[in-house]
Amino acid sequence: MSSPAHANQAAHPYPRLYINRLGFWLFLFSESMLFAGLLATRFYLQGIQRPAELSQGLGLAITVILLLSSLTAYLSETYITYGDRPRFLRYTLWTMVLGTVFLVGVAFEWYAAFQHFPPWTPFGTVFFSMTGMHAFHVLSGVVLLGLIYYNGRRGAYGPQDAWPPEAVVKYWHFVDVVWVFFYAALYLVV
Amino acid sequence: MKPVFKGLAWGAIGAALGVGLLVLLRLFFGLPGWKLEPAVVMAYLFGLSGWLLGVGVWDYWARGWLGLPNRPYTTTGWRRYFDFDTDHKVIGIQYGVLLVALFLIAGLLAMFMRYELMQPGRDLLNSAQYNRLMSLHGTTMIFVAVATIMGAFGNYLVPIMVGADDMAYPRLNALSFWFVPPVALLLVGAALAGGFDTGWTGYPPLAAVTKLGALFYNLAFLTIGFSSILGAINIITTVITMRAPGLSWGRLPVFVWSIIGTAILSLLFTQFIGLAMLMIILDRVAGFGFFDPARGGNPVLYQHVFWFYSHPAVYVMILPGFGIALEVISHFARKPLFAYRWAVAGMMGVVVLSAVVWAHHMFVAGMSEKLLIPFMVTTELISVPTGLVFLSALGTIWRGKLNLKTPMLFALAVIFNFLIGGITGVFLSDVPVDMHLQDTYFVVAHFHYTIVGGGIFGLFAGIYYWFPKITGRMYNERLGKIHFWWMFIAFNLTFLPMFWLGIHGMNRRIADYVPELGGLNRWVSLAAFVLGASFILFVYNMVRSWVRGEKAAANPWGARTLEWLIPSPPPLHNFPSVPEVVDDPYGYGVPGTVHARLSPSPSPASD
């Protein structure tokens, strides 16, 4: 803490880690309302319509990649809580790689989508806003993982100091769960 | 002032980077490099980031993310108010002063509107100018009503009232304040960029095609939304985790409960105003089709998303007013707060029900008729929990020994005014009546009675009540009382006739009306000028007392809650050691009891 020393803080019954976790979960609750709004918009504007041009193969592929990245993120968090720095770094890197592959997949998806349903068409509006908002979160997640990786390489974090990796990994899981809903709503509805 | 200039400089660099990035991207995709509105959006988003980093996030916070040592914070004295200070008391004063200034400016705009409406026909303003003035007045006042009590008193008092030394996240707290000056700049910028004429609600299709100023409005709402969400996270976490030993939920002051309710609403629903603004910006700037039927959109969607936030937002404006009113009434009636648990349950009931009432703003918007009756029922249902809060206030006043100081007068006025505002709300929630009253001055009178009569009168009750604690000086009681009666009478003379005007068909948001209503409008305008003038007295009293008022004692009101147990103004970190809460905050009349003890021995945990 670089803010002025907090004389009383230690006297409070809740440890700092608990306080951080609580605030972080509140942030995720708040974020989930944003995605819920986008999800509701999809059905409000387009019902359950889905254009045939949507590339199912690509959609499934990037979904699998993103879900796999949740596994590597989980391993990365677990290894730092056990103090295994090399594996922590390795899996953080893997998560970043998979996240980046996902983003490249979205870019291909967008390229194809522009031919068939650009943003100024009915389905394009919901498709680009949902995938765009989600991809923005993935991108920010990759940046945060990069920060964790950079600091981890310089010797930061350990079993007693795992909150930053934990927070970033939680964020990553959250973004993955959002995609599970968005994928279903965009690709799987009849 | 240096951090502010640094913030502005970094903001300018950020804006330039944003525009540069946009031009490169557009050229890459084979588009002409320059387009005004996307450039404004990019310049703002990058400029905002630059501003926040420059004003202090970089020096005191973000350097740590890159493994660099953070700079030590050394600012002292008045300069702290212009710096990234993490003390919740400094932040509370920053919020309070900035937002009260905005309140006065927006009130001045209303004076011009009333001047125009003094007689039928056009005199001072043409209708386009009137619309812009009205929109700026409404939007600014909404920001003030949403953020002032939460930002100023929520920050200043909640940590003290729960016995903590600061908020759970002091730096996040500073960050949420520094989002607000850009909002003020955007509102000024909107006026300079030709204004916006959409009202504070900014409905499409107009909002997606009108002047550049409307884009500033969208960005301002997005920004203050960020600030609210961060503030809400901070408040909830603080109250849950930082309460002093013995301060169980049943002993929490009712003001803190009201702020928790407010924070829950801000946390969950503010995302929707962000979404609504984002959709408009995408429609406008990137050609999306959310609200344009020609591109498959539906303008009614905007109203759903907008009101899903904006109806809960009226409780964001009202609940803290209730909290302050109940708090002040108990302390000044020298009686335990009547039905404390029911009052808290009432406020939480409002929080829950507020999620399912939004479409009563849309009875004539063309949504499915099946939704009319359900939303009418849920809306009328909300008077039940509100009634609990009222019963608590009345039960506390009943046979109390009322000490009619200025804060108490304002608190009683909250109850009086909100009763009128609440009862007229029942008419508006009734579908057939609303079809007649929609978009008339009846609505204007109703929401001024609730938001000004409840929220802003509550704010003034709070300002007078906590003025001695916050400034360490006493305000002039006689001027305070004169201000109260002046404001209270003028307020009622201004807004009560508007109900009648509305029933007789005077439309809101229009610069003109049928000549038959001229007489009453002249009356309303004159009363409004008197109301406006009352704030001169208020500002005089506040400024003079803050500079030269007599020194205030630690507990001038003889109140029991924690903030009155420490000196005025409170020292850094508030308490000499962790206080111990032993009893109810409102146990007046029970001899020998106290709410809390400041244990004399220093806490063993303090390093």
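This tour moves through a predicted model, from chain A to its contact with chain B and then to a surface patch on chain B.

**Stop 1: chain A as a whole**

Begin by selecting chain A and colouring it by secondary structure. The display should show 5 helices and 0 strands, and following the chain from its N terminus gives the order α-α-α-α-α. Aligned along the principal axes, the C-alpha atoms of chain A occupy a box of roughly 60 × 35 × 25 Å.

Next, draw the contacts within this chain. Among contacts in chain A with a separation of 6 or more, 79% join residues 24 or more positions apart.

Then switch to a surface representation. Chain A has 190 residues, of which 53% count as buried. The area that chain A exposes is about 8700 Å², and 71% of this is supplied by carbon and sulfur atoms.

**Stop 2: the contact between chain A and chain B**

Now display both chains and select the residues on either side of the contact. Chain A contributes 45 residues to this contact and chain B contributes 51 residues. Together the two chains bury about 4000 Å² between them, with 66% of that area on carbon and sulfur atoms.

On the chain A side, select helix H1 (16-46) and helix H4 (122-153), the elements that each give two or more residues to the side touching chain B. Of the elements of chain A, H1(A) gives the most to this side, with 19 residues.

What polar links are found here? Between chain A and chain B, 8 residue pairs are in polar contact, with both residues of each pair at pLDDT 80 or more. A search for salt bridges across the same interface of chain A and chain B finds 0.

**Stop 3: a nonpolar patch on chain B**

Turn to chain B and select Ile13(B), Leu17(B), Leu21(B), Leu25(B), Phe28(B), Phe29(B), Leu31(B), Leu45(B) and Phe46(B). These residues form a nonpolar patch on the surface, and their accessible area together is about 920 Å². The elements of chain B that supply two or more residues to the patch are helix H1 (2-28) and helix H2 (36-65). The most comes from H1(B), which gives 5 residues.

**Stop 4: Leu17(B)**

Finally, centre the view on Leu17(B), which lies in helix H1 of chain B. Is this residue buried or exposed? Leu17(B) counts as exposed because its relative accessibility is 56%, and the cut-off for that class is over 50%. Show its side chain together with the other members of the nonpolar patch to complete the tour.

Notes: Residues are numbered from 1 along each chain as its sequence is written. Chains are lettered from A and ligands numbered from 1 in the order in which they are written. This is a predicted model: local features need pLDDT of at least 70, side-chain atom pairs count only at pLDDT 80 or more; totals for chains, interfaces and linings use all residues. Side-chain values use heavy atoms; hydrogens and water are left out. Patches are made of residues with over 30% relative accessible area and no salt bridge: like charges are joined within 9 Å, nonpolar side chains (Val, Leu, Ile, Met, Phe, Trp, Tyr) within 5 Å. Accessible areas come from the Shrake-Rupley method with a 1.4 Å probe; for residues, only the protein chains shown count as cover. A salt bridge is a side-chain nitrogen of Lys or Arg within 4 Å of a carboxyl oxygen of Asp or Glu. Helices (H or I, at least four residues) and strands (E, at least two) are DSSP runs, numbered from the N terminus. Buried means under 20% relative accessible area, exposed over 50%, partly exposed in between (1.4 Å probe, protein chains only). Contact means heavy atoms within 4.5 Å. Buried area is the accessible area (1.4 Å probe) that two parts lose on being put together, summed over both. A polar contact is a pair of N or O atoms within 3.5 Å; within protein, one must be able to donate a hydrogen and the other to accept it, and residues adjacent in sequence count only if both atoms are side-chain atoms.
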